[in-house]
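Work through the exercises below with the sequence and the model at hand. Try each task before reading its solution.

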Amino acid sequence: MAKQATRAAYGEAIAELVQENKNVVVLDADLAGSTKSGEAKKVCPERHFDMGIAEGNMMAVAAGLAASGKIAYASTFAVFATGRAYDQVRNSICYPNLNVKICATHAGITVGEDGASHQALEDIALMRAIPNMHVFQPCDGPEAKAIVKAVANIDGPCYVRLGRLAVESVNDPETYTYEYGKGIVMQKGEKVAIVATGMMVQEALEAAKELDFDPTVVNINTIKPIDADLIKELAKTHDAIVTVEEHNVIGGLGGAVAEVLASETDRCPQYMMGVQDTFGQSGTPAELLDHYGLNAKHIAEYVKNLCK
């Protein structure tokens, strides 16, 4: 299938949403071209607001619009949405449980050459720790488009983590449907369950081809609320669970899975692949995925070593 960045799919979805739902408004912080929220401006300029380089103010305005009955989509880079505007997200959006959808792009190390200052590696941890916040990370364009549209119907704050890099589509846009809070078994296998999120799903599927057995590969697109029933079942039926994420291993997908399993007695060991509590650096996405051990080759090697 064709490659598409999840941020590009966001642009498509938001352009359709503003035409389909008169209550949807879109805000951006001087990055409408990069986040692709500018696609909404092309079709409905009266409901697209560029707030300038003032992310905290953008979130506060989004909260005000939501309090007035609007469904407010607020977009900027993930590092700014969750870091610079954290206070407003926590206190102005989540505390009153307002209908703001934060669609943050350029997450993870595959931001690439922009380097550590722009590579959000802690955003999932920050967002999922706030009460009332729902957290999502689609793996490809079709899933991103479906999730961006689905969150319009979820009551309360939502954080959708989107990437800069174009990635291979593993879902058919004609048949894909998003089911809230449910992980997807992309490949049913044995021994090891590779539980991935975002573009790591594609890397996990490629890694599975390099093994001499068929592991189970799972796509977790909803990180909060996570599919606890599926995770518990995987822990009962496999020898090990390996979580894979383009995020710090502290507080992300791996942490969310570990929290589910912490009180379970009938479970297998869990291992976490991700950025090992360090900042990113400048490089091409391919170079950085290799450096941080997050491409298919490294995932396959990790799983092989577990099975020795």
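The exercises cover strands, empty space, backbone angles and cysteines.

This is a predicted model, in which local features need pLDDT of at least 70 and side-chain atom pairs count only at pLDDT 80 or more, while totals for chains, interfaces and linings use all residues. Residues are numbered from 1 along each chain as its sequence is written, and side-chain values use heavy atoms, with hydrogens and water left out.

**Exercise 1. Find the partners of strand 2 and state how its residues point.**

Solution. Start with the terms: helices (H or I, at least four residues) and strands (E, at least two) are DSSP runs numbered from the N terminus, and two strands pair if DSSP finds at least two bridges between them.
- Step 1. Strand 4 (residues 71-77) runs parallel to strand 2, with five bridges between the two. Val26 is opposite Tyr73 of strand 4.
- Step 2. Strand 3 (residues 48-50) also pairs with strand 2 in the parallel sense, over three bridges. Here Asp28 has Asp50 as its bridge partner.
- Step 3. Five of the five residues of strand 2 (24-28) are buried, where buried means under 20% relative accessible area, exposed over 50%, and partly exposed in between (1.4 Å probe, protein chains only). Val24, Val26 and Asp28 point one way, Val25 and Leu27 the other way.

**Exercise 2. Give the strand order of the open five-stranded sheet and identify its edges.**

Solution.
- Step 1. The order is 9-11-10-13-14, and the pairing is mixed.
- Step 2. Strand 9 (184-187) and strand 14 (270-275) are the edges; each has a single partner strand, so one side of each has no neighbour in the sheet.
- Step 3. From one strand to the next the twist averages 25°, using axes that are lines fitted to C-alpha atoms (for helices over the stretch in contact) and angles from 0 to 180 degrees between N-to-C directions.
- Step 4. The partner of strand 9 is strand 11 (residues 216-219), antiparallel over three bridges. Within this pair, Val185 is opposite Val218.

**Exercise 3. Describe the largest pocket and the largest cavity by volume and lining.**

Solution. On a 1 Å grid over the protein atoms alone, a cavity is a set of points where a 1.4 Å probe fits but cannot get out; a pocket is an open set with protein on both sides within 12 Å along at least five of seven lines; lining residues have an atom within 4 Å of a point. Grid points are joined across faces, edges and corners, and a volume is the space filled by probe spheres set on the points.
- Step 1. The largest pocket has a volume of about 310 Å³. It is lined by 15 residues, with Lys3, Val167, Glu168, Gln202 and Glu203 closest to its centre.
- Step 2. At least two lining residues come from each of strand 8 (166-168), helix 9 (200-209) and helix 12 (285-291). Helix 9 gives the most, five residues.
- Step 3. The pocket lining has nine nonpolar, one polar and five charged residues; Ala, Val, Leu, Ile, Met, Phe, Trp, Tyr, Cys and Pro count as nonpolar, Asp, Glu, Lys and Arg as charged, and the others, Gly among them, as polar.
- Step 4. One cavity of 30 Å³ or more is found in the whole structure. The largest cavity holds about 120 Å³ of space. Of its 15 lining residues, Thr6, Gln137, Leu162, Gly163 and Met199 lie nearest the centre. By class, this lining has seven nonpolar, five polar and three charged residues.

**Exercise 4. Where do Asn97, Asp277 and Pro225 lie, and what is notable in the backbone there?**

Solution. Most residues other than glycine have a negative phi, and most peptide bonds are trans.
- Step 1. Asn97 has a phi near 60°. Its loop joins helix 6 (86-94) and strand 5 (100-105), and Asn97 is partly exposed at 33% relative accessible area.
- Step 2. The phi of Asp277 is also positive, about 55°. Asp277 lies in the loop between strand 14 and helix 12 and is exposed, at 53%.
- Step 3. The peptide bond from Lys224 to Pro225 is cis, with omega near 0°. Pro225 is in the loop between strand 12 (222-224) and helix 10 (228-237).

**Exercise 5. How many disulfides are there, and why is Cys44 in none?**

Solution.
- Step 1. A disulfide is a pair of cysteine sulfur atoms within 2.5 Å. The structure has zero disulfides.
- Step 2. The closest cysteine sulfur to that of Cys44 is in Cys103, 16 Å away, which is too far for a bond. Cys44 is buried, at 4% relative accessible area.
- Step 3. For Cys158, the nearest cysteine sulfur, that of Cys103, is 8.4 Å away. Cys158 is buried, with a relative accessible area of 0%.
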